[in-house]
Structures are given as C-alpha cells and as structure tokens.
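The following exercises are to be worked through with the sequence and the coordinates at hand. Each task is followed by a solution in steps.

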Amino acid sequence: MQIQFFGKSFVTLLVAAQLSACGAIAVGGVAAGASVMADRRTPGVQAIDRGIELEANAVLAKKFGDNAHINVTSFNQKVLLTGEAKDADIKSAAGDYVKSMKNARSVFNEIIIGPNSSYTARANDAYLESKIKTQMIFTEKLPSNSMSVVVTGTSVYLMGILTQNEADMAKKIASNTNGVKDVYVYFDIISTEEKNRLEKQGKADEAQPNTPPKFQ
C-alpha cells in the first residue's frame with residue numbers, strides 16, 4: 001500500500017512538473033513575463049512575498065531547530081504559518097517574529113502543537129497539494145496563478161486575490177478532493193470591476209508596486 005501511495009505521489013508531481021515545463025517551452029523566452037502578468041499581485045508585491053518567505057523560513061528554522069517544523073507562505077503580504085511546534089511558547093514566538101516584519105500585512109498562525117510531522121505525512125500533503133493545484137489549473141475561469149495552495153496534515157489553506165465567485169469555486173475544488181480533511185480560506189476578495197481592471201491592465205498598479213490591490 002505504501003509503495004502504491006508513493007507511486008501515485010511521484011506520478012502526480014511528475015505531471016505537474018511536465019505541465020510547467022511544457023508551458024515554458026511553448027512560450028519560450030516570455031515564460032517568466034507571462035507568469036508575472038497572470039498574477040494579480042504587482043511584481044513589487046511578488047518580490048516582497050518571496051522576501052518574507054525566505055527571511056522568515058531561515059530565521060525560524062535557525063531559532064527553533066528540531067523543536068519545530070514551520071512553513072511560511074506569503075501572498076499579497078498576508079502571511080500563513082503552518083506546521084508543528086513542540087509547545088505553545090514556540091508557536092507564539094514564531095507568530096510574534098513574523099508580525100514584527102515590516103512588510104507583513106497580517107499573520108495567520110495555524111501552527112499545530114505537537115511532534116514534527118513524519119516524512120510520510122509530508123509526502124501525502126505534497127501529493128494532495130499537487131492534485132488540488134492540477135485541478136485548479138484546468139478549471140476554466142479560475143485564476144490559479146493568483147492563488148496559493150498549502151496542505152498541512154491533510155488540511156488545505158487557500159490564499160489569493162479572487163472575486164467571490166472565484167473564491168467559492170476554489171474552495172469547492174479543494175473540499176471535494178479526496179483525502180482532504182478541512183479547508184481554510186484567507187482570500188482578498190475583489191469586485192468584478194476590479195478583476196476586469198486587473199485583467200485589462202495585465203498587472204495591478206505598476207506605478208505603485210508596493211501597494212496591494214483594492215478590496216471590498
């Protein structure tokens with residue numbers, strides 16, 4: 001059974017990788033630019049999010065070592081903490097550190113108190129995450145590049161810049177995926193007018209790259 005599970009995990013991850021590779025081959029040198037254009041965050045905010053993740057992941061790993069296994073995900077400067085911590089003090093300290101980061105707009109501390117997850121559990125989470133992402137990529141009118149999907153302990157956490165209809169669609173896909181326990185959403189909801197503006201413009205507020213899109 002375990003061999004069959006890892007076989008499925010490998011195939012799903014391989015398919016996702018092949019999809020990405022095919023996209024890059026198809027558009028050649030404009031692949032990177034197309035990815036940025038499809039994201040409803042400005043290029044500046046995308047860079048800020050990457051910086052938050054790199055800094056917080058490095059600092060927390062060094063600070064807590066084997067006493068915690070913490071994943072940091074930032075989307076539109078909203079920061080999600082998932083994983084495990086040995087005790088409540090570590091969970092609280094991790095949250096306080098990220099809250100102190102100047103570019104963090106808000107922090108959602110979903111760290112679980114308990115032992116670090118096993119490699120088997122993490123592989124299962126990666127498998128579920130790849131399944132959900134693949135379904136979203138092939139769902140019409142769902143801007144998968146404007147979303148982040150995180151799976152920890154078979155619970156799904158969704159972040160992104162979506163209209164209410166898009167948000168409902170994304171949550172339904174995640175909830176209906178076999179093996180998923182719970183789904184939590186932290187979307188920034190925009191109006192249809194704002195969606196149309198972003199799609200027409202190609203990217204949000206280029207003149208103000210550090211300003212998040214307007215929300216209802």
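**Exercise 1. A strand and its partner**

Which residues lie on one side of β5 and which on the other, and are they buried or exposed?

Solution. The model is a predicted one.
Step 1. Locate the strand: β5 comprises residues 147–152.
Step 2. Assign the faces: M147, V149 and V151 lie on one side, while S148, V150 and T152 lie on the other.
Step 3. Apply the cut-off for burial, under 20% relative accessible area. Each of these residues is buried, and both faces of β5 are therefore covered. The count for the strand is six of six residues buried.
Step 4. Identify the pairing: β5 and β6 (residues 155–162) are antiparallel and share six bridges. Within this pair, V149 is opposite L158 of β6.
Step 5. Examine the connection: two residues separate β5 from β6 in a hairpin, and G153 in the turn has a positive phi of about 60 degrees.

**Exercise 2. The span of a helix**

Determine whether the end-to-end distance of helix α5 agrees with its number of residues, and then describe its burial and its salt bridge.

Solution.
Step 1. Helix α5 covers residues 119–137, which gives 19 residues.
Step 2. The expected span is 1.5 Å times one less than the number of residues. For α5 this yields 27 Å.
Step 3. The C-alpha atoms at the ends of α5 are 27 Å apart, so the two values agree.
Step 4. The buried residues of α5 include A123, Y127, L128, E129 and I132.
Step 5. E129 forms a salt bridge with K133, with 3.0 Å between the closest N and O atoms. The two residues are four apart in α5, about one turn of the helix. In general, an α-helix has 3.6 residues a turn, so residues three or four places apart point the same way.
Step 6. Compare the surroundings: E129 is among the buried residues of α5, whereas K133 is partly exposed at 37% relative accessibility.

**Exercise 3. Charged pairs**

How many salt bridges does the structure hold, and which residues are linked in a network?

Solution.
Step 1. The total is seven salt bridges.
Step 2. The network links D39, R41 and D49. Within it, the side chains of D39 and R41 meet at 2.7 Å, N to O.
Step 3. D39 has a relative accessible area of 5% and is therefore buried. R41 is buried as well, with a value of 11%.
Step 4. Another salt bridge joins R197 and E194 at 2.9 Å, N to O. These residues lie three apart in helix α7 (residues 192–201), and so about one helical turn separates them.
Step 5. R197 is partly exposed at 26%, but E194 is buried at 9%.

**Exercise 4. A loop residue**

Where is T42 found, and which backbone nitrogen lies 3.0 Å from a polar atom of its side chain?

Solution.
Step 1. T42 belongs to the loop between α2 (31–38) and α3 (43–64).
Step 2. Its relative accessibility is 1%, so T42 counts as buried.
Step 3. The backbone nitrogen in question is that of V45.

**Exercise 5. The chain as a whole**

Summarise the secondary structure, burial and contacts of the chain.

Solution.
Step 1. The chain has seven helices and seven strands, in the order α-α-α-β-β-α-β-β-α-β-β-α-β-α.
Step 2. Of its 216 residues, 43% are buried.
Step 3. Among contacts between residues at least 6 apart in sequence, 70% join residues at least 24 apart.
Step 4. The accessible surface is about 11,600 Å², and carbon and sulfur atoms account for 56% of it.

Definitions and conventions: Residues are numbered from 1 along each chain as its sequence is written. This is a predicted model: local features need pLDDT of at least 70, side-chain atom pairs count only at pLDDT 80 or more; totals for chains, interfaces and linings use all residues. Side-chain values use heavy atoms; hydrogens and water are left out. Buried means under 20% relative accessible area, exposed over 50%, partly exposed in between (1.4 Å probe, protein chains only). Two strands pair if DSSP finds at least two bridges between them. Contact means heavy atoms within 4.5 Å. Accessible areas come from the Shrake-Rupley method with a 1.4 Å probe; for residues, only the protein chains shown count as cover. A polar contact is a pair of N or O atoms within 3.5 Å; within protein, one must be able to donate a hydrogen and the other to accept it, and residues adjacent in sequence count only if both atoms are side-chain atoms. A salt bridge is a side-chain nitrogen of Lys or Arg within 4 Å of a carboxyl oxygen of Asp or Glu.
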